[in-house]
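Colleague: Please take a close look at one part of this model, the open sheet and the space beside it. A word on the nonpolar surface would help as a starting point.

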Amino acid sequence: LQGGAATVFASGFFNPAVNQNGPAFGLFAALPNGAVVEFPALTTARLQVIHNAADPAADTVDIYLNEDLLLDNFAFRTATPFIDAPANQEITIGVAPGNSSSVEDVIADFDVTLTAGEKYVVVANGVLDPGSFAVNPDGESTAFTLLINNVAKEEAENAEKVDFFILHGATDAPSVNVDVRNTVNLTNNLSYGSFTDYITVDAADYILDISPAADSTMVLKTYNGALSALSGEAVSVLASGFFDPASNNDGPGFALIAVTAGGGVVTLSEYTTSDLQVIHNAADPAAETVDVYINGDLAVDNFAFRTATPFLEVAGNSDMEVAIAPPTSASAAEAIQTFDLRPLAGERYVVVANGVLNPENFAVNPDGRDIAFTLLVKSGIMESVDEGQVGFVVLHGSTDAPSVKVVARDVATLVPVAAYSDFSDDIIVPANAYSIDLENPGTSEVLLSYLADLSGLGGGTALVFASGFLTPADNQSGESFGLFAALPNGDVVEFGDITSIRNENVRVVERFALEQNYPNPFNPSTTIKFSIPSASFVTVTIYDILGKEVASLVNEYMQPGSYSYNFNGTNLASGIYLYKIDAGSFKSVKKMTLVK
């Protein structure tokens, strides 16, 4: 009729029997040419049935529609596709034990009226004898019933998206919140037996956290919401089973299931563990070596300063007590400090022991930060990056150091500003060697410079941390400042100190040079300085007067800059020595005299 006109009219009787058996009700259209067209009546609805009743006595059931067997031996956590069902009339849905002989065997029946043309998801849920099962924490009835969503869909409204609703179908679970981790809240205070509206998301994989509505910070369960393969689908997501099977006739445990319109049922994978790396960066000499206990068990024995564990697998979504004790301790009861953690399942953490045991005996932090011994925790640690790149996070872990800006020289600012105990955001750079300058954030004055050779870490990740004291003499003669990287396997790499002159700008180097050592003569130590204008592999070697090598001072690939190294001749006899530099095509030799 496109482009035409018509008169649409209702005609006939709703109840012909009480209207002298006149014509039945219908809907018609009269066309301009006099033709009359009848609109066909819709007599069916679309219906999907899901078995989500976790009562072991109802593990398998028969479903009757009126007196006809609709589903034979219908198992728990299975579903039908959408099917046609009688509409605009009362129908009886009966549930009988599996292998029943007739509708006379039903254990529960429900009278429903479906609207023609509408779509329904009907979920068999609950338990046959609530008195034999744990009560619902919110007082909701857990009796066996049919939970009906009367605004169901068979496909997503956008072919590039996924539409889904969530049904709370776990009888012994409290009202819950469901969140996409670090992204969006899907529902608040969803009680047993309740449906959400449809939620539309991109077809992707998500981490779903379930927490009690009474405490949204305490995640109880975590699942992989794998929706990446369901583009264009409408899906039912059901909380299923029992939180505590032992209190529920040993019924099936809690799970999150996804049901497609075609009747496919997928049990979403549950995350139960976390990955956790522990790093010892507490520069207090009294904590140079410690024992680490997790939940009373010795996790790391004689854990030394500036060492790290590999990533450890620990229980997720569970309370954890981390105890730090003196070395060679007998148990966690000897702990000097204990800390409570609750790592989220499916998450990666770095936990850094940092600070000093008695802050009054150490230099205060220039920014007023608390320097007491503690655990600094960073979540969301990257597991890998693209090949040819390196991903890392930076921690300012030096108690007496001021706020700094971290700059990859001639490349980019990596961290605009970080004070003691601050972690940076994720940083991803090409796997190259970099000169790293630690600058005053206000003046861009270079305070310290380091060579960070990341060329061998392509595809990997690390935690880069500032460590030790800027002024050891003011801090119980603790270890001096340095920059380090902890790798996922537990290796700790020290970045080379480009210059030992603090609070002085690194000058631009225009030529290769090897300077005369100072002092000269010396006893027992002296300083050797050199400059390189371009990246080079550099060796600086010490020889005696007969040409025999007695020490190797430098043997590494270095970025442009001026460098200063201390040479100690304590173990050498008095006499004349030579020091030689090889840097690319540049070679130079100078004499120095050790006088004891």
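**Surface patch, open sheet and cavity**

Modeller: The model is predicted. Val-37 has a relative accessible area of 37%, so this residue counts as partly exposed. Val-37 lies in strand 3, which covers residues 36-39. Together with Val-8, Leu-27 and Phe-39, Val-37 makes a nonpolar surface patch of about 310 Å².

Now the sheet. It is open and has 5 strands, in the order 14-13-16-17-21, with antiparallel pairing. The edges are taken by strand 14 (184-190) and strand 21 (270-271); each has a single partner strand, so one side of each has no neighbour in the sheet.

Going through the order from strand 14, the next strand is strand 13, made of residues 176-180. Strands 13 and 14 run antiparallel and are joined by 4 bridges. One residue pair here is Val-176 with Leu-190, the latter being its bridge partner in strand 14.

On to strand 16, which pairs with strand 13 in the antiparallel sense over 5 bridges. In this pairing Asn-177 stands opposite Ser-211 of strand 16. Strand 16 spans residues 205-212, and 6 of its 8 residues are buried, so the strand is largely enclosed by the rest of the structure. The cut-off behind that statement is a relative accessible area under 20%.

Strand 16 also pairs with strand 17 (residues 221-226), again in the antiparallel sense, over 6 bridges. Across this pairing, Ile-210 stands opposite Lys-221 in strand 17. In the sheet order, strand 17 is followed by strand 21, one of the two edge strands.

That leaves the enclosed space. Rolling a probe the size of a water molecule over the atoms shows where empty space is left. For this model the count comes to 7 cavities of 30 Å³ or more, and the largest cavity has a volume of about 200 Å³. It is lined by 22 residues, of which Ile-166, Val-178, Leu-208, Val-237 and Leu-256 are the closest to its centre. Three strands of the open sheet, strand 13, strand 14 and strand 16, are among the elements that give two or more residues to this lining. The other elements that do so are strand 12 (161-168), strand 18 (234-240) and strand 19 (255-260). Strand 16 thus appears both as a partner of strand 13 and in the lining of the largest cavity.

Conventions: Residues are numbered from 1 along each chain as its sequence is written. This is a predicted model: local features need pLDDT of at least 70, side-chain atom pairs count only at pLDDT 80 or more; totals for chains, interfaces and linings use all residues. Side-chain values use heavy atoms; hydrogens and water are left out. Patches are made of residues with over 30% relative accessible area and no salt bridge: like charges are joined within 9 Å, nonpolar side chains (Val, Leu, Ile, Met, Phe, Trp, Tyr) within 5 Å. Accessible areas come from the Shrake-Rupley method with a 1.4 Å probe; for residues, only the protein chains shown count as cover. A salt bridge is a side-chain nitrogen of Lys or Arg within 4 Å of a carboxyl oxygen of Asp or Glu. Buried means under 20% relative accessible area, exposed over 50%, partly exposed in between (1.4 Å probe, protein chains only). Two strands pair if DSSP finds at least two bridges between them. On a 1 Å grid over the protein atoms alone, a cavity is a set of points where a 1.4 Å probe fits but cannot get out, and a pocket is an open set with protein on both sides within 12 Å along at least five of seven lines; lining residues have an atom within 4 Å of a point. Grid points are joined across faces, edges and corners, and a volume is the space filled by probe spheres set on the points.
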